[in-house]
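Biologist: Please show me the model. I would like to go through its fold and its cores.

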Amino acid sequence: MHAPFAVFTQTMANGVPLIYSGQEEPVLRPLKFFDKDPMTFGKYERAKFYQTLLALRKRNPALAADASFRKVSVGDDRAVYAYVREKAGKKVLVILNLSNKEQTISVKEKALQGRPYNLFMYTNELLTTKPWKVEPWGYVVYEYGR
């Protein structure tokens with residue numbers, strides 16, 4: 001369940017990304033906030049995930065604090081949260097499955113169709129109105145105008 005919420009915190013409007021102690025490792029125990037709580041690092045299982053998101057924020061003005069934000073509907077709005085960020089001719093589409101069930105996605109908005117770059121699959125994908133599935137707690141980030 002961690003991943004779609006992490007993508008959200010790195011791509012939401014008016015946000016400043018923060019990676020808190022242990023997120024990149026991951027540390028799966030509750031952290032002590034008022035006492036010394038040393039951590040052992042070494043695996044960095046989520047490091048590449050966060051590096052990918054932070055590199056996107058750095059290079060793409062669509063994720064700047066003053067970039068536009070617009071919610072879009074691409075599936076069951078009770079389970080899927082999707083939005084577009086835009087600035088300076090650049091655009092990012094974020095699709096988050098915030099449920100424990102596979103969801104059907106269909107990108108009906110013409111301006112979002114085409115061959116955007118899938119940030120985590122490292123390839124341009126054809127987006128049409130044709131439905132496709134996103135896994136439980138899944139996420140997709142598309143970059144346009146790359």
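Modeller: Buried means under 20% relative accessible area, exposed over 50%, and partly exposed in between, with a 1.4 Å probe and protein chains only. The model is predicted: local features need pLDDT of at least 70, side-chain atom pairs count only at pLDDT 80 or more, and totals for chains, interfaces and linings use all residues. Residues are numbered from 1 along each chain as its sequence is written, and side-chain values use heavy atoms, leaving out hydrogens and water.

Biologist: What percentage of the 146 residues in the protein chain is buried?

Modeller: The count covers the 146 residues of the protein chain. Of these, the buried share is 39%.

Biologist: In what order do the elements of the protein chain run from the N terminus?

Modeller: Helices (H or I, at least four residues) and strands (E, at least two) are DSSP runs, numbered from the N terminus. The protein chain has two helices and eight strands. From the N terminus on, their order is α-α-β-β-β-β-β-β-β-β.

Biologist: Which element supplies the largest share of the largest nonpolar core?

Modeller: A nonpolar core is a set of buried Ala, Val, Leu, Ile, Met, Phe, Trp, Tyr and Cys residues joined through side-chain atoms within 4.5 Å. The largest one has 17 residues, and Val7, Phe49 and Val92 are among those that touch the most other members. Helix H1 (2–11), helix H2 (47–59) and strand E3 (90–97) each supply at least two residues of this core. The largest share, four residues, comes from H2.

Biologist: How many residues are in the second, separate core?

Modeller: This core includes Val72, Val74, Ala82 and Tyr144. Its residues number 16.
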